[in-house]
Amino acid sequence: MQIGILALQGAFIEHEEMLAQLGIASFEIRQKRDLNQPFDGLIIPGGESTVQGKLLRELHLFEPLKAQIQEGLPVFGTCAGLLLLAKHIENDGHTHLATMDITAVRNAYGRQLGSFYTQETCTGMGKIPMTFIRAPYIKNVHSDTVILAQVNGKIVAAQQKNQLVTAFHPELCQDLSMHKYFIEMVEKAGK
């Protein structure tokens with residue numbers, strides 16, 4: 001198994017480290033030719049969704065990645081990755097990959113000073129640590145999207161078929177639960 005990690009901007013190295021702890025091979029996707037390597041899943045890290053969306057288009061990664069996700073490639077988006085996958089962003093007229101049937105709110109907890117850490121229950125994982133940095137949240141899920149976690153009544157993790165998103169940064173904690181969950185998704189998709 002090999003996981004591609006979008007490495008245009010943001011916390012991609014931390015995801016590589018989490019996967020390495022699980023014994024999972026990964027590589028960085030920085031340009032279109034990187035898509036020639038075989039990969040079984042994709043991680044879209046936190047960072048700046050606007051910058052990542054712009055670079056996806058400029059580097060001609062946008063259409064091929066969107067098509068692969070629509071065809072069932074397992075994808076895990078954290079923070080900005082959630083915004084890139086959201087079909088609707090309430091306080092932003094722009095969407096990006098728009099493959100997951102959710103409505104997100106960007107910078108929902110305020111700016112950098114609004115960052116925080118908590119522990120909450122996530123379906124199938126028990127109580128896990130959650131680090132929020134200028135985080136979005138999911139206002140609504142639609143269709144067959146399943147809510148996995150909430151913090152103070154706001155949806156912060158969800159899954160729709162092959163797509164998993166978190167408003168928090170699991171790669172910034174020592175807990176491997178979210179990454180294990182994603183790898184299980186990838187394994188099921190490969191069967």
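**Figure 1. Ala98 in the loop between E5 and E6.** In this predicted model, Ala98 is buried, with a relative accessible area of 18%. Because buried denotes a relative accessible area under 20%, the value of 18% places Ala98 in that class. The residue is found in the loop that runs between strand E5 (86–89) and strand E6 (100–105). Although Ala98 is not a glycine, its phi is positive, at about 50°.

**Figure 2. His60 in the loop between H2 and H3.** A second residue with positive phi is shown here: His60, which is not glycine, has a phi near 60°. His60 belongs to the loop between helix H2 (49–58) and helix H3 (62–70). Is His60 buried or exposed? Its relative accessible area is 53%, and His60 is therefore exposed, since the class begins over 50%.

**Figure 3. The largest nonpolar core and Phe132.** The largest nonpolar core comprises 60 residues. Those with the most contacts inside the core are Ile3, Leu42, Phe132, Val156 and Phe182. Helix H5 (residues 177–189) gives the most to this core, contributing six residues. Which residues does Phe132 touch, if those up to four places away in sequence are not counted? Its partners are Tyr109, Ser115, Phe116, Thr118, Val151, Val156, Ala167 and Phe168. Val156 thus appears among the contacts of Phe132 and is also listed with the residues that have the most contacts inside the core.

**Figure 4. Helix H5.** H5 consists of 13 residues. From its first C-alpha to its last, the helix reaches 19 Å, close to the 18 Å expected at 1.5 Å a residue. The buried residues of H5 are Ser177, Met178, His179, Tyr181, Phe182, Ile183, Met185 and Val186. Of these, Phe182 is also named with the residues that have the most contacts inside the largest nonpolar core.

**Figure 5. The largest cavity.** How many cavities of 30 Å³ or more does the model contain? The count comes to one. The largest cavity holds about 40 Å³ of space. Its lining is formed by Ile128, Pro129, Phe168, Pro170, Cys173, Asp175, Ser177 and Met178. At least two of the lining residues come from strand E8 (126–132), and at least two from H5. By character, the lining divides into six nonpolar residues, one polar and one charged.

**Figure 6. The largest pocket and Ile133.** The largest pocket encloses about 200 Å³ of space. There are 16 lining residues, and Gly47, Glu48, Cys79, Ile133 and Arg134 are the closest to the centre of the pocket. The lining comprises six nonpolar, seven polar and three charged residues. Ile133 is situated in the loop between E8 and strand E9 (137–141). With a relative accessible area of 27%, Ile133 is partly exposed. Ile133 and His169 are 36 residues apart along the chain, and their C-alpha atoms are separated by 7.7 Å.

**Figure 7. Glu120 in strand E7.** Glu120 has its place in strand E7 (residues 116–122). The residue is partly exposed, with a relative accessible area of 26%. Leaving aside neighbours within four places in sequence, Glu120 is in contact with Gly126, Lys127, Ile128, Met130, Gln150 and Val151. For one of these partners, Met130, the separation from Glu120 is ten residues in sequence and 7.4 Å in space, C-alpha to C-alpha. Another partner, Val151, is also among the residues touched by Phe132.

How values were computed: Residues numbered from 1 in each chain as written. Predicted model: local features only at pLDDT ≥ 70, side-chain atom pairs only at ≥ 80, totals over all residues. Heavy atoms only, no water. Core = buried A, V, L, I, M, F, W, Y, C linked by side-chain atoms within 4.5 Å. Buried < 20%, exposed > 50% of the residue type's maximum accessible area, 1.4 Å probe, protein only. Helix = DSSP H or I, 4+ residues; strand = E, 2+ residues; numbered from the N terminus. Contact = heavy atoms within 4.5 Å. 1 Å grid on protein atoms, 1.4 Å probe; cavity = no way out; pocket = protein on both sides within 12 Å on 5 of 7 lines; lining within 4 Å. Points joined across faces, edges and corners; volume = space filled by probe spheres on them. Nonpolar A, V, L, I, M, F, W, Y, C, P; charged D, E, K, R; others polar. Expected span 1.5 Å × (residues − 1).
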